[in-house]
Amino acid sequence: MIRTADSNRFIDPQVLSRIRDLQLIAKTVVEGFLTGLHHSPYHGFSLDFAEYREYAPGDDPRLVDWTVYARTDRFYVKKYEGDTNTQLYILMDVSKSMAFSSHSVSKLDYARYLAAALAYLAMRQKDAAGLISFDSDVVSQVPPRTRRGHFFTLLHHLEGLEVTGETDISGALEKLAHLIRRRAVVVLISDFYQDIEKLAKTLRFFYHRGNDLILFHVLDPVELEMPFEDISTLEDMETQEHLSYVPEHSRSTYFSLLNEHIEGLRRECRNISIDYELLNTEKPLDQALHRYLSVREKRY
Amino acid sequence: MQFLAPLFLIGALAIGVPIFLHLVHRERTKRTPFASLMFIRKIPFKELRRRRLTHLFLLFLRCLGILLLVFAFGRPVITGAWLNQVNPLLARSVVILIDHSLSMSPQPIWDTALQAAEEKIQSLGQADEALIIQFGESAEVLSQWEESPQQLREILRQRTTPSFEATSYLEALRVAVDQLEAARNIKKEIYLITDLQQAGMAASAGWRVPGDISVEIENVGRETPNLFVEEVRVERAVFTDQYPHTILARVRGNPQQPEKGEAQLFVEGNLIDRTTFDTGSEGTVNLTFKPFDLEEGVSRGTIVIEPTDELPEDNVYYFVVEKQAPRRILVLQDRQASSAFYLESALSAGENLPFAVEMSVFPGPEQIDPIDTPLVVLNDLRQPPRLSLFKSYVEGGGGLIVVLSNRVLAEAYHRQWDTLLPVELKERNFVRQESKPFTSITQVNWEHPIFRIFQDVHKAAIASTQFYSYWRLTAKPDATILARFNEGDPALVEQSLGEGRVLVFASSLDPVWTDFPLRSAYVPFWYRMAQYAGRWQSTPAALQINQVLSVDSSSDSSGTSGTWNLIDPRGQRVLGLNEEKPGFIQLKMPGHYEVRSNKKTDWVAVNTPPHESDLSPVAIEEFQAVFVPLEARVEEVGFEQSVQEKDRQQSLWWLFLLVGAAVFMAEWVVANRTRPQAELQRESQL
């Protein structure tokens with residue numbers, strides 16, 4: 001069966017949710033995405049030699065240039081154009097609010113797909129991809145690697161993620177700052193239920209350390225549209241606090257505060273040259289991949 | 001609006017259930033998980049509560065349905081009071097007339113009457129006003145228009161009591177109409193609670209209840225046989241050692257239900273005689289009791305019939321007999337005067353004589369005591385006796401009758417007795433010598449005590465008396481002419497002087513100038529003359545309820561006041577020593593009243609009015625024909641009818657039930673249209 005490029009590019013997340021295999025999801029998304037790029041702006045990726053770097057613990061021993069070792073008696077690792085400069089850190093919010101869903105794909109699921117796709121894309125480009133999950137603290141971490149089996153490690157880790165505590169992005173980022181020492185591409189996937197000023201302060205810290213940050217703001221369509229027509233009592237999934245929701249009274253206030261929050265985030269990101277993308281869990285992932293690749297391109 | 005089963009109204013609390021569901025329960029059941037409440041603001045409670053009533057219409061239908069069902073089970077009754085509140089123009093002024101006559105006293109008639117009055121008060125609306133009048137023979141206004149229903153109920157409970165009186169609808173309706181003139185509402189109503197007794201109907205003399213007043217009659221009476229002592233013939237004053245007559249008593253019962261029984265005569269508690277009776281098909285029987293011996297003074301007697309019935313008060317007849325000394329009448333005449341034989345014979349005729357006639361020759365005794373000798377008759381004296389003696393005698397309370405005849409010298413009377421006589425003597429008028437053979441008395445004051453007994457059927461006995469001669473008299477200004485001859489000349493003239501009276505008769509006592517001594521009216525005429533002039537009033541052996549007792553006549557004749565007591569048949573003092581001495585006391589209770597004066601003890605017997613014991617009812621049509629104009633509304637409610645009417649009024653419960661069911665059907669439709677939409681919407685959203 002012949003499928004058009006467009007049909008492959010924009011695979012509905014709800015369709016992806018029926019695919020159990022996260023690898024297949026990532027592959028499907030990325031391959032479809034890349035196939036659709038008729039004039040790819042990302043030609044610079046290649047396996048051209050760039051430099052030697054002294055071996056460091058953790059480097060794949062297979063990358064040691066034995067010729068240089070023979071000449072110099074030192075271990076040097078061969079660095080290529082495509083994989084020597086970029087480390088991708090995927091920071092994933094696993095607080096309880098990420099479990100919210102109004103359809104078959106929760107925000108956590110969507111974040112999981114996105115992380116898998118980004119990791120696949122990165123690995124395909126020989127970038128090192130790592131994964132850190134957090135709520136108010138660091139929950140788990142997988143250091144970025146470029147070796148071939150690392151992708152499966154990431155996928156395995158992604159599949160095992162579960163929502164845990166309350167959101168505290170600033171607190172979590174401050175704690176994991178020491179884990180990201182080098183200049184890297186940091187992808188932060190969260191619903192960002194966090195005070196903007198406090199968050200902006202942390203983001204500035206990361207930015208000034210030479211990292212490229214991409215903020216993927218994942219929200220459910222219900223959070224974006226708030227379509228409740230009836231009076232109801234809403235219960236906070238993290239704190240179990242509950243408040244009455246009266247559409248006539250609450251909706252306008254909600255939109256006003258949400259838009260103010262999004263615009264605040266966007267504004268702060270713009271001020272410190274951070275990429276920001278608002279993602280609707282009903283929409284395909286290609287927009288996020290575009291955003292990642294544009295950032296990746298800027299680095300080279 | 002009233003409810004026959006008001007306890008069901010507690011079920012109205014059930015409207016709290018839908019309200020609870022709308023306000024409280026709803027919140028608990030519809031808690032929705034949400035990612036974060038960061039952008040949700042707390043809503044003020046009032047705003048929230050108001051907003052929560054989104055399905056007000058649904059809530060309204062549910063509450064209305066529940067209330068209608070509760071009302072239906074409460075058996076609502078729409079009353080006039082409720083209608084009055086709806087329309088103030090329907091406000092009424094109601095006079096509640098409660099018959100408390102003797103016939104109302106048997107139970108449960110009286111309790112039923114009070115219950116009817118209570119219900120009437122309860123039916124009053126806010127704009128209504130009411131007044132309570134209880135009536136028997138007379139009417140008594142018990143409340144004011146301003147009184148509240150609660151006050152009216154208290155008055156009803158505290159001040160209305162059955163009495164021993166007779167019934168008079170005329171008196172009651174007149175008082176009610178008088179009171180309604182001061183009422184403030186246009187709609188006026190008389191609510192008459194009675195047993196509709198025939199005996200209460202009296203000639204209204206054309207008076208009727210005004211047409212703008214409606215009359216509603218609550219007939220609480222019932223057909224019941226009643227045996228009672230209708231009449232007893234007994235005289236109080238007895239001048240012999242033994243009661244001189246046979247005591248006659250008439251017992252009446254229901255002609256349709258002849259009764260047999262026994263009657264007993266008691267005097268001072270001692271059984272004197274007893275006799276059996278059978279009322280028979282006529283419903284009445286006359287009984288006689290044998291004469292009995294009397295002690296000095298007053299003796300109390302009763303006649304008791306058995307078996308007793310629901311009105312025991314009329315099964316006993318109370319009476320009093322008093323053994324008295326005859327009163328002395330002094331007849332003074334000239335030695336050669338015409339005989340007073342006829343007068344002496346008239347006043348001495350029969351048994352049990354109240355008078356003792358004593359003949360005396362001019363100039364008579366030196367002193368005359370008005371108490372010992374209450375009456376002196378001067379029979380055809382040529383010239384009058386000593387003026388000072390008789391003037392002081394009359395002024396002291398003595399009675400003086402001057403009979404003018406052939407021997408009288410007018411000059412002597414003018415000269416000596418001008419200040420004592422109420423007339424001037426002119427001349428003798430010898431009618432026989434003129435064109436006609438005789439004259440007669442043609443103008444009489446029939447209302448006067450002397451002539452009262454003749455006024456009905458015996459007028460002719462006076463008018464047919466022939467007078468051949470008489471003295472032409474001219475009455476003095478202060479004198480009263482009681483009778484005139486055909487010529488206009490006074491025949492009998494009276495004048496009061498001090499405590500006594502002077503009467504002048506213009507013709508003779510013997511049959512020389514008149515044939516009056518030969519007429520049947522002669523004896524009763526002179527009997528009455530002696531009683532009146534001597535101020536001797538016969539007291540009846542028994543009085544009836546509501547009759548008046550003159551304390552003056554019962555107390556000491558010396559006129560001393562403040563030293564007497566009136567004790568009712570229950571032994572309770574009615575009036576006594578330190579109270580102002582009233583002229584009259586109305587007797588309200590059957591039995592023997594004791595009157596204790598400073599010198600003696602007297603007794604007065606009081607009985608229930610016999611016509612009140614006739615319990616025959618009157619038809620409502622007859623009542624209306626007598627008292628109510630044709631255009632006025634008369635409605636006989638009747639206790640049984642009242643219940644039926646209430647049953648009819650409260651039959652609207654099914655209407656409430658029907659409307660309630662319709663409301664719940666509407667609620668079902670509305671709920672099915674609104675609830676699924678909201679729920680499906682929420683489900684699609686989540």
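**Exercise 1.** Asn546(B) lies between strand S27 (543-544) and strand S28 (548-550) of chain B, in the loop that links them. Describe the backbone and the burial of Asn546(B).

Before the solution, some conventions. The model is a predicted one, where local features need pLDDT of at least 70 and side-chain atom pairs count only at pLDDT 80 or more, while totals for chains, interfaces and linings use all residues. Residues are numbered from 1 along each chain as its sequence is written, with chains lettered from A and ligands numbered from 1 in the order in which they are written. Helices (H or I, at least four residues) and strands (E, at least two) are DSSP runs, numbered from the N terminus.

*Solution.*
- Step 1: phi of Asn546(B) is near 80°, which is positive, and the residue is not a glycine.
- Step 2: 17 other C-beta atoms lie within 10 Å of Asn546(B), so the residue is partly exposed. (With C-beta atoms placed from the backbone, a residue is buried if 20 or more others lie within 10 Å of its own, exposed if 12 or fewer, and partly exposed in between.)

**Exercise 2.** Check the length of helix H5 (residues 107-124) of chain A, then describe its surroundings.

*Solution.*
- Step 1: the 18 residues of H5(A), at 1.5 Å a residue, should span 26 Å. (The expected span is 1.5 Å times one less than the number of residues.)
- Step 2: the end C-alpha atoms of H5(A) are 25 Å apart, which agrees.
- Step 3: 17 of the 18 residues of H5(A) are buried.
- Step 4: just after H5(A) comes Lys126(A), with a positive phi of about 65°.

**Exercise 3.** How are H5(A) and helix H6 (residues 150-159) of chain A oriented to each other?

*Solution.*
- Step 1: the two axes come within 10 Å and cross at roughly 175°. (Axes are lines fitted to C-alpha atoms, for helices over the stretch in contact, and angles run from 0 to 180 degrees between N-to-C directions.)
- Step 2: H5(A) and H6(A) are therefore roughly antiparallel. (Angles under 35 degrees count as roughly parallel, over 145 as roughly antiparallel, 65 to 115 as roughly perpendicular and the rest as oblique.)
- Step 3: on the side of H5(A), the residues that meet H6(A) include Arg112(A), Ala115(A) and Tyr120(A); their counterparts in H6(A) include Phe151(A) and Leu158(A). (Contact means C-beta atoms, placed from the backbone, within 7 Å.)

**Exercise 4.** Classify the packing of helix H7 (residues 169-176) and helix H8 (residues 196-208) of chain A.

*Solution.*
- Step 1: H7(A) and H8(A) pack at about 20°, with axes 9 Å apart.
- Step 2: these helices are therefore roughly parallel.
- Step 3: residues making the contact include Leu173(A) of H7(A) and Phe206(A) of H8(A).

**Exercise 5.** Which strands of the sheet S9-S11-S14 in chain B stand at the edges?

*Solution.*
- Step 1: the sheet is open, has three strands in that order, and pairs them antiparallel. (Two strands pair if DSSP finds at least two bridges between them.)
- Step 2: S9 (228-233) and S14 (284-289) of chain B are the edges; each has a single partner strand, so one side of each lacks a neighbour in the sheet.
- Step 3: neighbouring strands are turned by 25° against each other on average, direction ignored.
- Step 4: S9(B) is joined to S11(B) (residues 247-252) by five bridges, and Val232(B) has Ala249(B) as its bridge partner.

**Exercise 6.** Where does chain B have a cis peptide bond before Pro108(B) and before Pro307(B)?

*Solution.*
- Step 1: one cis bond joins Gln107(B) and Pro108(B), with omega about 5°; Pro108(B) is in the loop between strand S4 (92-99) and helix H5 (109-122) of chain B.
- Step 2: another joins Glu306(B) and Pro307(B), again with omega about 5°.

Notes: Two residues are in contact if their C-beta atoms, placed from the backbone, lie within 7 Å.
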